[in-house]
Amino acid sequence: MANEWHYTLNGQQAAAPVAAAQLKQLAVSGQLKPTDLVWQDGMLDWVPARDIKGLFPSGKSIGDSAVVPPASAKAAEGRKTRKPAVPFDWANMHPVAVLVLTIVTGGIFGLIYAYKICGAYRAKGVARPADAVGRTLGRVRHPFGVLLLSYLTGGVYFLYWTSRVLRECGEYTGRKDVNPRTELSLMLIFPPYAVYVVVFQLPDLIRRTQTLAGVPETAALRQAVFFLNPCLFVALPFLAMIYQETLNQTWLTTP
């Protein structure tokens, strides 16, 4: 029927479509997540459930609003459409298949896979501009994406990432004495300066951020001094990966 909704749960398409009221009940009960996909006749493609107006409660009772398709679906009304295929679920690929395809394509598939997974990770992150008291939250990034881009760009992304995290933590903690643009300029002029920033400045800012957010301090932050060993300079992106995971947990769990 035209008013029935097709939907996915955990990346798998449901066996049968449901009416709008049933879809809303699935959303209210928590079975349907904002990142799950939905589609009905007249829509050009599947869309995240969060894009459907009135589907998830926002201070109103279930009966207060109707489930309204996005504008793109309204524009497609009257056209003859067919049900599109559910987007490929990259996250559920078998690890052996990923490895084999990466080897066969000379690493190209591995890069595409990493890009898709990192993008999906960001999309699932809680996109809140601020916490409960109005402090600006930073960006959620896939830790592996930080590591991979740091090496693929010869360290350029690593320097950029460092300046971005300095800015995010500085804005959250209200510190004005650290200028991310100045620090980035110094790191570009004299790359070894990045060691000082990453080993001393950044862990201190992250600890301050965790304290304000009410999140327990990560013990690994105090082990950053081991990276002062010149032999470990090339491994600094691994330290950045740990920092990013720490910040992800902070941005996602702070009230």
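## F158 and its surroundings

Leave out the neighbours within four places in sequence, and F158 is in contact with S150, A194, V198, L236, P237 and A240. This is a predicted model, and F158 is a handy place to start looking around in it. The residue sits in helix 6. With a relative accessibility of 6%, F158 counts as buried, because the cut-off is under 20%.

One of those partners is a long way off in sequence: F158 and P237 are 79 residues apart along the chain, yet their C-alpha atoms are separated by 6.7 Å. Another partner, L236, touches F158 in turn, along with V195, V198 and F227, again not counting residues up to four places away.

## The chain as a whole

Stepping back, the chain has nine helices and four strands. Reading from the N terminus, the order is β-β-α-β-β-α-α-α-α-α-α-α-α.

Of the 255 residues in the chain, 38% are buried. The chain exposes about 14,400 Å², and 62% of that area comes from carbon and sulfur atoms. How many of the contacts between residues at least 6 apart join residues at least 24 apart? The share is 61%.

## Two nonpolar cores

In soluble globular proteins, nonpolar side chains tend to be buried together. Here, the largest nonpolar core holds 33 residues, and the members touching the most others are F158, W161, L202, I206, L236, L239 and Y243. Three elements give two or more residues each to this core: helix 6 (156-173), helix 8 (193-213) and helix 9 (236-253). Helix 8 supplies the largest share, with nine residues.

Apart from that core lies another one, made of 18 residues, including L37, M43, W46 and A49.

## Helix 9 and its partners

Which residues of helix 8 meet helix 9? On the helix 8 side they are V195, V198, V199, L202, P203, I206, T209, Q210 and A213, and they meet L236, L239, Y243, T246, L247, T250 and W251 in helix 9. The two axes come within 11 Å and cross at roughly 10°. Angles under 35 degrees count as roughly parallel, so helix 8 and helix 9 are roughly parallel to each other. Helix 8 passes helix 9 in a left-handed crossing.

Helix 6 also packs against helix 9, at an angle of about 30° and with the axes 12 Å apart. This pair, too, is therefore roughly parallel, and its crossing is left-handed. From helix 6, the contact uses F158, W161, V165, E168, C169 and Y172, while helix 9 brings L236, P237, A240, Y243, Q244, L247 and W251.

Then there is helix 5 (residues 143-152), which packs on helix 9 at an angle of about 150°, with the axes 8 Å apart. That angle makes helix 5 roughly antiparallel to helix 9, and the crossing is right-handed. Helix 5 makes this contact through P143, F144, V146, L147, S150 and Y151, and helix 9 through P237, F238, A240, M241, Q244, E245 and N248.

## L32, a loop residue

Now for some loop residues. L32 lies in the loop between helix 1 (20-29) and strand 3 (37-39). Is L32 buried or exposed? At 1% relative accessibility, L32 counts as buried.

What does L32 touch, not counting residues up to four places away in sequence? The list is Y7, T8, L9, L23, L26, A27, V38, A49, L55 and F56. One of these, L55, is 23 residues from L32 in sequence, with 9.9 Å between the two C-alpha atoms.

## V67, another loop residue

V67 is in the loop between strand 4 (47-48) and helix 2 (71-75). Its relative accessibility of 14% means that V67, too, counts as buried.

Setting aside neighbours within four places in sequence, V67 is in contact with W5, A20, K24, I52, K53, G54 and L55. You can also check V67 against F56: they are eleven residues apart along the chain, and their C-alpha atoms are separated by 9.0 Å. L55 is worth clicking on as well, since it shows up in the contacts of V67 and in those of L32.

How values were computed
Residues numbered from 1 in each chain as written. Predicted model: local features only at pLDDT ≥ 70, side-chain atom pairs only at ≥ 80, totals over all residues. Heavy atoms only, no water. Buried < 20%, exposed > 50% of the residue type's maximum accessible area, 1.4 Å probe, protein only. Contact = heavy atoms within 4.5 Å. Areas by Shrake-Rupley, 256 points an atom, 1.4 Å probe, with all protein chains shown as cover. Core = buried A, V, L, I, M, F, W, Y, C linked by side-chain atoms within 4.5 Å. Axes fitted to C-alpha atoms, helices over the stretch in contact; angles between N-to-C directions. Parallel < 35°, antiparallel > 145°, perpendicular 65-115°, else oblique. Left-handed = near helix turned anticlockwise from the far one by under 90°.
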